[in-house]
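Biologist: Hi! I'm new to this one and would love a quick tour. Can you put it up on the screen?
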Amino acid sequence: MTILAIDATTEMCSVALWNGGLLGESISNTGPQASKVVLGMLDELFQTHSTKWEDISLLAFGHGPGSFTGVRLTTGLVQGIALGQNLQVMGVSTLSAIAYDAIKLTDQPSSVLVVHDARMGELYWGCYRSDEHGKLQSLGPETVSPGTEVRINDAEVHWLVAGNGCQILKESISEGSSINLIKSGNWHPNSIARSAYIAELANQALINGSNPVSAIDVSPVYIRNKVTY
């Protein structure tokens, strides 16, 4: 099964083809320009890997949270493609993809605290754990809050911290916080929501019994209603 994955929910835009392993991926640091480049990235990806739309079995995308504009753009783009190509869709948490990136970088089972800059003095954050087979599990709801309210539930296990909100979190936590126990080498501020990993997580969801949806049922995840970007 060939999965096409798309993400433009953060400052990074990426597209990927996956079929039991990565076939090809393109990543661009586009910021707010994603709407101008993502279709070109798709065309180039298809041409480079001799892929046609009829080869695609599933469309996966980062459904947020992230930039309000990015989440809205990605959702609209995916809906349009799904309608035009008669594809089913699997949404994947942007935060979980960031967690998966950090786990792949360390190549060991870990618990991951993901923190992504939500602007307005807040962070989007969530906790995840991988097993020895690389399967990712959410440890609780994804949340938006000031950095002072970010928590991990067990300071004794091996934790990673990932995402572009790492510095904000460091500046927010108090001296006695359990997060201070996480060693400096386990912070990964450059981990991103790669489309390659969105495709893998979509496949994991299918194996675990989740069902894809039709284009009309594709929905974004904002976490909060008040937005600034």
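Modeller: Happy to. This is a predicted model. Let's begin with how the chain is knitted together: among contacts between residues at least 6 apart in sequence, 68% join residues at least 24 apart.

Biologist: Thanks! How many helices and strands does the chain have?
Modeller: The secondary structure comes to five helices and eleven strands. The radius of gyration of the chain is 17 Å, close to the 17 Å that the globule rule gives for 229 residues, so the chain is as compact as a globular protein of that length.

Biologist: And what box do the C-alpha atoms fill?
Modeller: Roughly 55 × 40 × 30 Å, taken along the principal axes.

Biologist: What share of the residues is buried?
Modeller: Buried residues make up 49% of the 229 in the chain. As for the outside, the accessible surface comes to about 10600 Å², and 47% of that belongs to carbon and sulfur atoms.

Biologist: Let's move to the sheet of five strands. What is the strand order?
Modeller: The order is E3-E2-E1-E4-E5, in an open sheet with mixed pairing. Strand E3 (22-29) and strand E5 (89-92) are at the edges with a single partner strand each, so one side of each has no neighbour in the sheet. From one strand to the next, the twist averages 15 degrees.

Biologist: Zooming in, do E1 and E4 pair in the parallel or the antiparallel sense?
Modeller: Parallel: strand E1 (residues 3-7) and strand E4 (residues 58-62) pair that way over four bridges. If you want a spot to click on, Ala5 stands opposite Ala60 in E4.

Biologist: Which strands does helix H2 lie across?
Modeller: Helix H2 (residues 68-85) lies across E1, E4 and E5. Relative to E4, H2 runs at about 175 degrees.

Biologist: New topic: H5. How many residues does helix H5 have?
Modeller: H5 (residues 195-207) has 13 residues. From its first C-alpha to its last, H5 reaches 18 Å, close to the 18 Å expected at 1.5 Å a residue.

Biologist: Is H5 largely enclosed or open?
Modeller: Largely enclosed by the rest of the structure, because eleven of its 13 residues are buried.

Biologist: Which residues of H5 are buried?
Modeller: They are Ser195, Ala196, Tyr197, Ile198, Ala199, Glu200, Leu201, Ala202, Asn203, Gln204 and Ala205.

Biologist: Last one: what phi does Gly209 take, just after H5?
Modeller: Gly209 takes a positive phi there, of about 100 degrees.

Terms used: Residues are numbered from 1 along each chain as its sequence is written. This is a predicted model: local features need pLDDT of at least 70, side-chain atom pairs count only at pLDDT 80 or more; totals for chains, interfaces and linings use all residues. Side-chain values use heavy atoms; hydrogens and water are left out. Helices (H or I, at least four residues) and strands (E, at least two) are DSSP runs, numbered from the N terminus. The expected span of a helix is 1.5 Å times one less than its number of residues. Buried means under 20% relative accessible area, exposed over 50%, partly exposed in between (1.4 Å probe, protein chains only). Two strands pair if DSSP finds at least two bridges between them. Axes are lines fitted to C-alpha atoms, for helices over the stretch in contact, and angles run from 0 to 180 degrees between N-to-C directions. Contact means heavy atoms within 4.5 Å. The radius of gyration is taken over C-alpha atoms; the globule rule is 2.2 Å times the number of residues to the power 0.38. Accessible areas come from the Shrake-Rupley method with a 1.4 Å probe; for residues, only the protein chains shown count as cover.
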